[in-house]
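User: I'd like to learn how to read a contact between two chains. Could you walk me through one?

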There are 6 protein chains.
Amino acid sequence: MKTVVVRNIKRADAALVKRLGVLGTATVHEAYGRFGLMKPYLRPIWAGGEAAGPAVTVLAQPGDNWMIHVAVEQCKPGYMLVVGCTADNTDGMFGELLATSLKARGVVGLIIDAGCRDIKPLHEMRFPVWSKAVSAKGTVKATLGAVNVPVVCAGINVTPGDVVVADDDGVVVIPAKDAADVAAKAEKRFADEDGKRKKLAEGALGLDMYNMREPLAKAGLVYVDNPEDV
Amino acid sequence: MKTVVVRNIKRADAALVKRLGVLGTATVHEAYGRFGLMKPYLRPIWAGGEAAGPAVTVLAQPGDNWMIHVAVEQCKPGYMLVVGCTADNTDGMFGELLATSLKARGVVGLIIDAGCRDIKPLHEMRFPVWSKAVSAKGTVKATLGAVNVPVVCAGINVTPGDVVVADDDGVVVIPAKDAADVAAKAEKRFADEDGKRKKLAEGALGLDMYNMREPLAKAGLVYVDNPEDV
Amino acid sequence: MKTVVVRNIKRADAALVKRLGVLGTATVHEAYGRFGLMKPYLRPIWAGGEAAGPAVTVLAQPGDNWMIHVAVEQCKPGYMLVVGCTADNTDGMFGELLATSLKARGVVGLIIDAGCRDIKPLHEMRFPVWSKAVSAKGTVKATLGAVNVPVVCAGINVTPGDVVVADDDGVVVIPAKDAADVAAKAEKRFADEDGKRKKLAEGALGLDMYNMREPLAKAGLVYVDNPEDV
Amino acid sequence: MKTVVVRNIKRADAALVKRLGVLGTATVHEAYGRFGLMKPYLRPIWAGGEAAGPAVTVLAQPGDNWMIHVAVEQCKPGYMLVVGCTADNTDGMFGELLATSLKARGVVGLIIDAGCRDIKPLHEMRFPVWSKAVSAKGTVKATLGAVNVPVVCAGINVTPGDVVVADDDGVVVIPAKDAADVAAKAEKRFADEDGKRKKLAEGALGLDMYNMREPLAKAGLVYVDNPEDV
Amino acid sequence: MKTVVVRNIKRADAALVKRLGVLGTATVHEAYGRFGLMKPYLRPIWAGGEAAGPAVTVLAQPGDNWMIHVAVEQCKPGYMLVVGCTADNTDGMFGELLATSLKARGVVGLIIDAGCRDIKPLHEMRFPVWSKAVSAKGTVKATLGAVNVPVVCAGINVTPGDVVVADDDGVVVIPAKDAADVAAKAEKRFADEDGKRKKLAEGALGLDMYNMREPLAKAGLVYVDNPEDV
Amino acid sequence: MKTVVVRNIKRADAALVKRLGVLGTATVHEAYGRFGLMKPYLRPIWAGGEAAGPAVTVLAQPGDNWMIHVAVEQCKPGYMLVVGCTADNTDGMFGELLATSLKARGVVGLIIDAGCRDIKPLHEMRFPVWSKAVSAKGTVKATLGAVNVPVVCAGINVTPGDVVVADDDGVVVIPAKDAADVAAKAEKRFADEDGKRKKLAEGALGLDMYNMREPLAKAGLVYVDNPEDV
């Protein structure tokens, strides 16, 4: 594999990114046919953070954050940094200094398939990070990786420029070419949910609202009155 | 196994449920002889939530929340919904819409041996959930399970109507027939602890308060003055 | 192995402990050559807690907190209690009553390679605990271990009197004999970081600030303009 | 919970047990509607072992094998011993001496939701064990549990007398009352598979044999000739 | 995402596949710059199996093996089937019948980021499988995925036609375009190792053979005679 | 921490090592009061291997095997190499070439709290390894650690010269100063077990042989005839 930095990437349209970010991961993931969700072991380091942006990608070696330093230069306002790793690792590859640098360049958040440290200052800076672990373990700067090549992060292949949407429910990735279609579907879904929410709050049953009774009976579901009847 | 819904269950007495809920999981679990505790991988999706109620149970297939929709109809005010799964799964089987529906029916909380999503709105609604994971992963409605049959959830077999008590320390399940006995023992234990807390705060040692010195010596514990004496 | 309690331990100097505590785990761990960090599965039971102190150590059997009761008597103001276990265990070996007792003796925090319970009251008391799990599971008092002998806790061998520093990023242990040297190096590091933080906030790149461009080129890093050039 | 030993249990018919054992876990589990399978973390301690029998059940405390000694007396020829635990544990609760004792009583195998030791002699004795871990860690005999009450083992609630079938694919549990029905269905399934195996070996496609093409098309599956067409 | 089957894929040259297969995963992975290795949780279901081939890829839903049936038709002699999953899953998605079908088509092995069953017959057939788990858990055929699109499997993005090499050490994936270059480098590495092996067997030290003494001293390594000198 | 190599270590007596090796891990661990056992995630890379020897210790950085090369020179006939790591890691730090080198020096086995590769040739060489993982992932030689200082490996602190005993049941470590005492106790235990084995094989019950009936009754164990009596 080439240890390379790609300077120019094709990023998803900023307006689309904004629309997807507003909708949140659960709705966007459903609209994309239930694909694109990173593994749930990625958790926000502080609750309530939300971010969306086109991805700048990093392929790093475990315990080595050299390529994150390289990637900072490739970041532009509104981007999300996405860091994959060539092997499982929980070391604290990212902390306050790198966050300060990313913030200065307008980066809106970090997704890292490894550890993160300086949780308290990162929370105070309101810089959102989704990581696999929290660990004070420091890292070396010894081995090359790559920047802005496709990388696997928490089970999803991320191509530079893909739209990354992250919130308390997780992280979802939408390829740039699908962003418009997914945004439209997700907005429709969101609008539909609003009506459903009201009906359910008033006591309607999903069984009726979604017309489930017939398919359930057809699948063989049986109702009995008492435990002894089972 | 029958894919069945049982309509009528025998639930623990409401007054007993209330008494057990006030005492909390640690005390209730001890009073029950240190049995009945679900595995500690179940965690509250937001800190500080507390709930207790008789169980409505669901046996679901992984990645499929069809039976949860079926179960909603069987819920009554004050109940807790308990969802077990036929295989390990972290998908987000439960979210805001189902919580809205449960809340409309007076359900006080959810225990799910799988994933949960819509963490933020669930927190805002103050609907407490104990789950194995947080995940935006959507689910299908394709395969039957059962409602109100005994289900294993996080290592504990839950019979419909059992008392479920949940707080920041975990989730404990007391069979309906044992609830009165456990409540009485737990209240006694709670009262005893109050006195102990005061003594300990004033500097008393557990070694003396619990008369441990003699059994420790008998078991062979030796005191030495310095590391070199070991 | 001897089931023994050692009464007198050589503890790190209180002033050194204070200096190390102020610097935090990430800085101290780096200053110690990136050694001494406990495994990141140890997490604070509530966010924002910080503590530092010389270690009183406990070697406990899984599911048995007898030796913690024994250890309380050996604790003095300013100490940290460190509990290792002879096998993996998540039971709630520690809770409100023991915390009340420790607080009465001036202990500043607990590190336990097992579970903890009574999360809510411990948070209200502001007693900081770093544990492997939260679990209401009660424990027995049946088998001896040892107090104030070297114990392995979350992957680190802790000798009684070692300095333990803990915060949201994890737990680091510095041998008493190295504390002065590490404190000096960590303070220097901290001072240096302050200047770097300012420069990075103003837009400087780590690539330039750390003179990375030359070693990166030497290691073989290549820049290309477009994805097609890879 | 009562710390009790139940002397007489209703066991599944021996002929049924034999029929189910011959069919193996995968077929039996399918015939039971894909229920009853223990979690896959249970693994045989040596490859190729197979066993089936009615369950004698043990509820043990972690790190304590006292109740296994109690259970031996309740075992009869052809039985399987099933050990659940009140908390996660990997200690070596079972080894050569207990296996010698069980073998003397005609027990055909052990399922244990904890650790096992003496792997080599157990293999030489051809005594099959399915366990969660291999560990030399010894255990105490200090706390009561129960024998022949329903216990949860690796995610499945086992009632004494249930049929347990175990092989290299895992462990499945069939309630005594369902054994005849499941055996009949499983035998039919097995016979059907034989014909399918032959056809597939001759090159038939499952797509055709199972008539999948139409439902796939209906569900929306599209065929394209080249990657560029996606 | 499109639920699609791509019929024609560009596969790596058969001669290259053969050369890479002979070299084994450790050597190939090193020759590719230490990239391309799937996560080590993928294990062979029987020891000693080895396979190499161009990938036919499947993206499956958890607990659903419908798309594997679809993929069989796209397989040709010499291929490897690679199955990724949209969420973590250990269900037994693959067994004897599918293996019979694959074998009839000349497929040389299976890599699956999920569970596998029928371990014994698969071993007897000498059909090699690398899986995440062994589980008898059966699966449904309910939800579409895709065949011959890029899929992430155990942390690596696999493009149809990539060379997959698997043995007891794990599974490595080399993009078709890099196969010739990697094969050449790996063969050179292999030849070098042969000479080294002989020297080491005769007692030569790696320290001398790899000229490590100088860089070690430069990095600060110190030799002392006795523990007290540390 | 000093990055240092200690040349001379005090090793346990060879005759004692031999006696302990013959007894095996389970017996030795019991004789040492149930202390000293490494975590059960360490598994032999091939079944049936057994080894015992005084420890040469290595503290390595994750993904970096430089210090193992350094340690080879410090090994003498009969030694065991024990490798701890500063952070969790599964990379293949050890393989055929290093084993060839160790074998040439008379080393009898390796314990490594990380990954191992070249499983097949290591098995063919009959070189026994207990590791945390099998992984083809190659490692760098970039960062110093230490040789022959105390290291934590899989939860146990190992001092150079300690006796390490390893077999299919796991790995146990006995401090050199305790070796004679433990060997004597373990031999007594072994002799006792022989008699017990015979009695149990003839049908004696552990309940009687260990006089458990009285303490069980005293602890409150109750026998009932039927499930309805519980």
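Analyst: Let's go through the contact of chain A and chain C, then a single residue. This is a predicted model, where local features need pLDDT of at least 70, side-chain atom pairs count only at pLDDT 80 or more, and totals for chains, interfaces and linings use all residues. Residues are numbered from 1 along each chain as its sequence is written, chains are lettered from A in the order in which they are written, and side-chain values use heavy atoms, leaving out hydrogens and water.

User: How do I read the area buried between chain A and chain C?

Analyst: Interface size is often given as the accessible area lost when the parts come together. Here that's about 3,200 Å² (1.4 Å probe, summed over both parts), and carbon and sulfur atoms give 61% of that area. Chain A puts 35 residues into the contact and chain C puts in 39 (heavy atoms within 4.5 Å).

User: How many salt bridges are there between chain A and chain C?

Analyst: Look for a side-chain nitrogen of Lys or Arg within 4 Å of a carboxyl oxygen of Asp or Glu. The count between these two chains is 5. One of them pairs Lys120(A) with Glu50(C), with the closest N and O atoms 2.9 Å apart.

User: And Thr100(E): buried or exposed?

Analyst: Buried means under 20% relative accessible area, exposed over 50%, partly exposed in between (1.4 Å probe, protein chains only). Thr100(E) counts as buried because its relative accessibility is 9%. Leaving out residues up to four places away in sequence, Thr100(E) touches Arg197(D), Leu200(D), Ala201(D) and Met125(E).

Key: Buried area = accessible area lost by both parts, 1.4 Å probe.
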